[in-house]
Amino acid sequence: MPNPPVKNKTGRSPTRVFKGLPASDGLAFGPVFVFRSDVADQVPQFEVKKADIPAELNRLEGALALTRNQMQSLASELARRINGQETSILDGHLMMLEDPEFLDSCMSFISQQRMNAEYAVSKTVQKYADIFGAMDDPYIKERIKDVRDLGSRLIRNLLGAVTSPFTRMERPSIIVADEIAPSETIGIPKQMVLAFATDRGSLTSHATLLSRALGIPAVVGLGSLVASVQSGDEIMLDGRTGQVILNPGEPERQAFNRSLLQSKTLAATLEEGKLAPGATADGHPLPFAANIDLNTPLAELALVGAEGVGLYRSEYIWIALKREPSEEEQEHYYTDVVRSLPPGQSATIRIFDMGGDKMFPDRIQPELNPFLGNRSIRFLLENRTILRRQLRAILRASTHGSIQILYPMIAAIEELRALNIELASCKNELREQGIPFDENLKRGIMVEVPAAVFIADALAKEVDFFSIGTNDLIQYTLAVDRSNEHVSRLYQPTHPAVLSLVRQTIDAAHASGITVSVCGEAASNPFIAALLVGMGVDSLSMSPTLIPLVKKVIRRFTSPELAALAQKALSLKAEPASTIFNAIRDPITKAIPELSHR
Ligand code: PEP
Ligand code: MG
């Protein structure tokens, strides 16, 4: 087998500036940790220390032995099933495993180029694929699949003992990836991750929301960063502007230090008043709640001045456990949340919002249009035992503090009624079993599908509160996939159609005497939050780390000032979203100049 040239990985890439979407606030500067998700398995790439090379070679050998065992038992299982015929299916794999050149190639990538074992395997697989691909023989061409499959299995086995792919980082780094799935952020070693920089993703994809929740700076939608970096490179990232500079020179470093100072000055001004209750300058109360999930350190909520939990994304328990949590486990998680809150605050638990970009391979089949598919309550209403286990768990936790229940994705009155019937039936069941719960537990719906807005007056009569989910409301109104960076410029929170739907929702809620909150990301943009408060929402809920900033803005203006701002924005119905955004941004930055870089 000829040895194709392997790129020398010493020496840095030249300085280059990339522009992406500012996904999570903050500045970061540090080495890159490349996390490749464009290959069959997610292959981490890092430099192995010289002293660790023997251990890395051992890891490779262990994974090879495990893979060999697996392939042999697969082959005999296959033979048993098909009565001894056609077992040659796996011969290609087994031959490759025994091929000394395959092994040599992996080992020399590790010992000579100091690549980690996973990356060494993926490079070797690529080398073979290139050679086979260049041959005319269709049989050999077909073998590419075998090599790739074998490589995937080896890499999976190498990663097998690792819970998060990032636990193998050796020093604090900036993760550079094609995209990061929500499940990959579970168990992330926060102290090692300086920032995320991803080629794909958008401002409201769930991985972005998680990086905000974790307070990790992030830039997404960068397009071609992964292909441009290599281990040893350094990156400077600005999560406020979306700029990423690869291997910055001296002028860029100086500008970065100035930005750091500027952001520290703003951070210092946020300290003042951050623990005061959310309110407008003339004393109109406007509570600030937190959007959280099981990754959120509960002790930090009080430190940022959160006044309760406005959205608990319960589906992350399932994602973390990789299975449905039992009723008892759920009760335990919900109780932990509500017990962590001071008296007078409440926790809004949203029932599993599965599907969309939150994958549940154990339950939901891949779909062509997952955001329009078997998502959320659609899944739960078809899987009533799962739904009932969750409702019972929430009810049981409600004896430990004030809990509210939130139904996502409501698009029709019969969905709401079906959920309310299940809730009533679970209450009856608990009564019969003598299990206590809060008889006055409030139920609300997420208004995030345009259809719900048009029937909001009817829905309002059968719930206690509305919570507007702008993340989905925008995507479903404007037909713009919230997680697709190619259309992110069309994802416009201040589009007049979106504002009109928000207006109608607020009016319908208030006409029925119920409250309305906003828990979508629009609430955490200081300018749009001001607009929402001016339009009359009763509370806001957002990533905890953004509460001090948004609270500062709301506390700076009186209710009439905010109402005038909203009126101005709503009067610009015939204008583009950007004009409407600037109409609210300009007066706010005039009053608070520290916000002008946003
Ligand atoms: C929303 O859609 O605005 C929302 C808060 O829910 P999620 O982002 O979890 O879909
Ligand atoms: Mg939603």
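In this predicted model, the largest nonpolar core comprises 111 residues. The residues with the most contacts inside this core are Y334, I351, Y407, I445, F466 and L540. Helix α18, spanning residues 526-535, supplies the largest share of the core, namely 8 residues. A second core, separate from the largest one, is made up of 49 residues, among them L64, C106, I155 and I175.

The surroundings of L540 can be described in detail. When neighbours within four places in sequence are set aside, L540 is in contact with L286, P287, F288 and A289. The contacts of L540 also include S517, V518 and A523, together with A529, L532, V533 and V550. Of these partners, A529, L532 and V533 fall within the residue range of helix α18 (526-535).

Y334 and I351, two of the core residues named above, are also touched by S314. S314 is located in the loop that runs between β11 (309-313) and α9 (315-321). With a relative accessible area of 0%, S314 is buried. Apart from residues up to four places away in sequence, the residues touched by S314 are Y334, I349, R350, I351, F352 and Q390.

Ligand 1 is surrounded by 17 residues, of which R313, R350, G469, N471 and R482 are the closest. R350 is thus listed both among the closest residues to ligand 1 and among the residues touched by S314. Several polar atoms of the protein lie beside oxygen atoms of the ligand. A polar side-chain atom of D472 is found 2.9 Å from an oxygen atom of ligand 1. For T470, a backbone N or O atom lies 3.1 Å from an oxygen atom of ligand 1, while for R375 an N or O atom of the side chain is 3.3 Å from an oxygen atom of this ligand. Ligand 1 taken alone exposes 290 Å², and 100% of that area is buried by the protein.

D472 also takes part in the metal site. The magnesium ion (ligand 2) has E448 (OE) and D472 (OD) as its protein donors, at distances of 2.0 to 2.1 Å. E448 belongs to the loop between β14 (442-447) and α14 (450-454), whereas D472 belongs to helix α16 (residues 470-478), so the two donors tie together parts that are 24 residues apart in sequence. Both E448 and D472 are buried.

D293 occupies a position in the loop between β10 (288-292) and α8 (299-303). This residue is buried, its relative accessible area being 4%. Beyond its neighbours within four places in sequence, D293 is in contact with L210, A213, Y312, R313 and Y316. One of these partners, R313, is also among the residues closest to ligand 1. The C-alpha atom of D293 is separated by 16 Å from that of A397, a residue 104 places away along the chain.

Backbone geometry was examined at two further loop positions. Most residues other than glycine have a negative phi. N247, which is not a glycine, has a positive phi, near 45 degrees. N247 lies in the loop between β9 (243-246) and α7 (250-271) and is buried, with a relative accessible area of 6%. M409, likewise not a glycine, has a positive phi of about 60 degrees. The loop that holds M409 connects β13 (402-407) and α13 (413-432), and at 1% relative accessibility M409 counts as buried.

Technical notes
Residues numbered from 1 in each chain as written. Chains lettered and ligands numbered in written order. Predicted model: local features only at pLDDT ≥ 70, side-chain atom pairs only at ≥ 80, totals over all residues. Heavy atoms only, no water. Donors = N, O, S within 2.8 Å, 3.2 Å for Na, K, Ca; no water. Helix = DSSP H or I, 4+ residues; strand = E, 2+ residues; numbered from the N terminus. Buried < 20%, exposed > 50% of the residue type's maximum accessible area, 1.4 Å probe, protein only. Contact = heavy atoms within 4.5 Å. Core = buried A, V, L, I, M, F, W, Y, C linked by side-chain atoms within 4.5 Å. Near = heavy atom within 4 Å. Polar contact = N/O pair within 3.5 Å; in protein donor to acceptor, adjacent residues only side chain to side chain. Areas by Shrake-Rupley, 256 points an atom, 1.4 Å probe, with all protein chains shown as cover.
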